[in-house]
Amino acid sequence: MADQENFVRVTRLAKKRAAEAMVQYLQQPNKKRVVLGEIQDLSNVSINQIEEKVFGSEPLKPKTKQTIKRKVKRSVTEKEKEFDVDAKLDDDPQMCSAYASDIYDYLHQMEIEKKRRPLPDYLEKVQKDVSANMRGVLVDWLVEVADEYKLLSDTLYLTVSYIDRFLSVNVIPRQRLQLLGVSSMLIASKYEEISPPHVEDFCYITDNTYTTKEVVKMEADVLKCLQFEMGNPTTKTFLRRFTKIAQEDCKNPDLQLEFLGFYLAELSLLDYNCVKFLPSLVAAAVIFLSRFTFKPKSHPWSLALQCCSGYRAADLKECVLIIHDLQLSRRGSSLTAVREKYKQHKFKCVSTLSSPLEIPDSFFEDTRQ
């Protein structure tokens, strides 16, 4: 009898909690819809015209013995090998300092696998109706969608990776580019998020331009293209470690440096010219530029960073200059979602920071300190 009463009490309590959760859900404010519409080539269009034409009136393995060749040579001198980078991470259990070296060696091997890399020139060789500007508009809009649904930045990076990999082997018209975007974000959300948005949410955010059936069909097409290889090291993966090393002289974490790194890394997603770079190289370039922004008269690359990333300053030059142009709005000035996102006080307003117009060539010479 006592057991039966306990069972009834627990059942009533569970029903009460479920009812309270439903009431709380129904009281949430309505989610904004962001309509992308037909993506156009916007290279010669003003910001106001972009808002009208595009968005309308709505707001917006273990180590192998094989030698792996990389696009960027990652050579480490004997002196650097003696430099124990991971010893600096001992006080942070999340960085797994005891295993960090093996983990990141594995991630470096994974990031260069052909099946995980998009073609560096897929717009020229594969696509017929999609341009770099259209891709930039799509990614800029997806930044808004991720912010609207409070998705992790890891979800955003994976989404863009899926899009680039799909476009590397599948020709699609511009009218279906937004469909590819939301379907890729749906997959990435299921992979990364604890409570991912539903298919209906992604239909809603496009003002129901696409049906749930179309989104699910595109989701299946993307998964087949990826061969269900959804896990992928991204710029954010490497940025976490490089940021820790970049703060080697700081007693306390420098949040402004960390947020500036996040900002510059997300800016790099907008530019098609960054597709050819490995995620680890982009992360290293972001740290280089972040340090230069705060201390423009000091060499931004250190021996510790060189050792843990495997890149010398000279290896980063092309990528650094592209992201530097993005930071100064010499590229992608019409794409504002990332800039507006990082103007918020919770991100220390890092998008309002600027750096000198030119980076000295001497900073791209080998680090000796």
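## Exercises on a predicted model

At 3% relative accessibility, Cys 203 counts as buried (buried means under 20% relative accessible area, exposed over 50%, partly exposed in between, with a 1.4 Å probe and protein chains only). This is a predicted model, where local features need pLDDT of at least 70 and side-chain atom pairs count only at pLDDT 80 or more, while totals for chains, interfaces and linings use all residues. Residues are numbered from 1 along each chain as its sequence is written, and side-chain values use heavy atoms, with hydrogens and water left out.

**Exercise 1. Work out how many disulfides the model has.**

Step 1: Start with the rule: a disulfide is a pair of cysteine sulfur atoms within 2.5 Å.

Step 2: Apply this rule, and the count is 0 disulfides.

Step 3: Take Cys 307 as an example. Its nearest cysteine sulfur belongs to Cys 308 and lies 7.2 Å away, and Cys 307 is in no disulfide.

Step 4: Check the surroundings of Cys 307: with 16% relative accessibility, this residue counts as buried.

**Exercise 2. Decide whether Glu 200 is buried or exposed.**

Step 1: Find Glu 200 in helix α9, residues 199–205. Helices (H or I, at least four residues) and strands (E, at least two) are DSSP runs, numbered from the N terminus.

Step 2: Read its relative accessibility, 51%, so Glu 200 counts as exposed.

Step 3: Now look along the chain to Tyr 210, 10 residues apart from Glu 200; their C-alpha atoms are separated by 9.9 Å.

**Exercise 3. Explain why α11 is described as largely enclosed.**

Step 1: Locate α11 at residues 235–246, a helix of 12 residues.

Step 2: Compare its reach. From first C-alpha to last it spans 16 Å, close to the 16 Å expected at 1.5 Å a residue (1.5 Å times one less than its number of residues).

Step 3: Look at the burial: 10 of the 12 residues of α11 are buried, so the rest of the structure largely encloses this helix. Among the buried ones are Thr 235, Phe 238, Arg 241 and Ile 245.

**Exercise 4. Put the whole protein in view: how many helices and strands does it have, and what share of its residues is buried?**

Step 1: Count the elements: the protein has 16 helices and 0 strands.

Step 2: Turn to burial, where buried residues make up 50% of the 369 residues in the protein.
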